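Good morning, and thank you for the opportunity to present. I shall describe one protein model, beginning with its overall make-up and then turning to its largest pocket.

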Amino acid sequence: RPAFITRTFNTHNYYIGKKMAKSTILTVLKIIPLALYLRAASCKLALPILGCDGPLCPVAIGKSGDCTPTANTAECYAWCEHAWTPWANNLLSTFKIPYKVRCNKSNGYELAKIIAAVEIIGYLMLWMPGKAKKGAFILTATMAFAIHFHVTFLKDSVDKLGLQFALILASLAVYVMETDGKKSGSKPRPPKRGGSKKRN
């Protein structure tokens, strides 16, 4: 077999293998860490699945107890009313945005459901052709706000935010690796116009 055919065949196999490896990594990232957004959204929507209907752990609201917070519905609503809302309203006032979020029983825990909708939309977009980068951006931005909340409002140290950093790194990786199926910077050349030949 001629050398140039061998080189072409090997190059073709290399790019196919590279594409398959990239696709596998993206699928793993979307399923293992990023699917946690679906559980988080389910609890914010009070769906009785995935342990969302568990009892409120006193440790979640700063009291003593022998339980571990699981971010179930009761805990999410407590955090939303007493922590997420004042943090969000302070952030809005800092940027001079004339709006106040609400999150209590009387308004159906409005802020929690808004966040849940954003998480669901962002995650579902990861699986839509041409929308994956936008979905990854939405999830990255969502987690960036969550980290800001933990650091500025709760005064948590960075070493306590392992899960949050794992999620933001996963969505960033998807954003960088995922393509929208369009080749950038290449435009089809216009067809050549047939000119008349000069007669001698």
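Let me begin with a definition: helices, of at least four residues, and strands, of at least two, are runs assigned by DSSP and numbered from the N terminus. The model before you is a predicted one. On that definition, the protein has six helices and zero strands. Read from the N terminus on, its elements therefore follow the order α-α-α-α-α-α. The protein contains 200 residues, and buried residues account for 30% of them.

I turn now to the pocket. A general remark may help first: when a probe the size of a water molecule is rolled over the atoms, it shows where empty space is left. In this model, the largest pocket has a volume of about 1,400 Å³. Its lining is made up of 42 residues, and those closest to its centre are Lys44, Trp84, Ala146, Phe149 and His150. Which elements give two or more residues to this lining? They are α2 (36–44), α3 (73–94), α4 (110–125), α5 (132–153) and α6 (162–177). By character, the lining residues divide into 33 nonpolar, five polar and four charged.

Which helix gives the most to the lining? That helix is α3, with 10 residues, and I should like to follow it from end to end. At its N-terminal end, α3 is capped by Asn72, a side-chain oxygen of which lies 3.2 Å from the backbone nitrogen of Ala74. Further along, at Cys80, α3 bends by about 50 degrees. As for length, α3 has 22 residues, so at 1.5 Å a residue it should span 32 Å; the C-alpha atoms at its ends are 29 Å apart, which agrees. Just after α3, Lys96 takes a positive phi of about 60 degrees.

Two residues in other helices deserve attention. The first topic is Gln164, which is placed in helix α6. Is Gln164 buried or exposed? Its relative accessible area is 16%, and because buried means under 20%, Gln164 counts as buried. The side chain of Gln164 also makes a polar contact, at 3.5 Å, with the side chain of His150. That partner, His150, is among the residues closest to the centre of the largest pocket.

The other residue is Ala41, in helix α2. Ala41 is at 1% relative accessibility and so counts as buried. Although Ala41 and Ala112 are 71 residues apart in sequence, their C-alpha atoms are 8.5 Å apart in space.

Thank you for your attention.

Methods
Residues numbered from 1 in each chain as written. Predicted model: local features only at pLDDT ≥ 70, side-chain atom pairs only at ≥ 80, totals over all residues. Heavy atoms only, no water. 1 Å grid on protein atoms, 1.4 Å probe; cavity = no way out; pocket = protein on both sides within 12 Å on 5 of 7 lines; lining within 4 Å. Points joined across faces, edges and corners; volume = space filled by probe spheres on them. Nonpolar A, V, L, I, M, F, W, Y, C, P; charged D, E, K, R; others polar. Expected span 1.5 Å × (residues − 1). Bend = angle between axes of the 7 residues up to and from the residue. Polar contact = N/O pair within 3.5 Å; in protein donor to acceptor, adjacent residues only side chain to side chain. Buried < 20%, exposed > 50% of the residue type's maximum accessible area, 1.4 Å probe, protein only.
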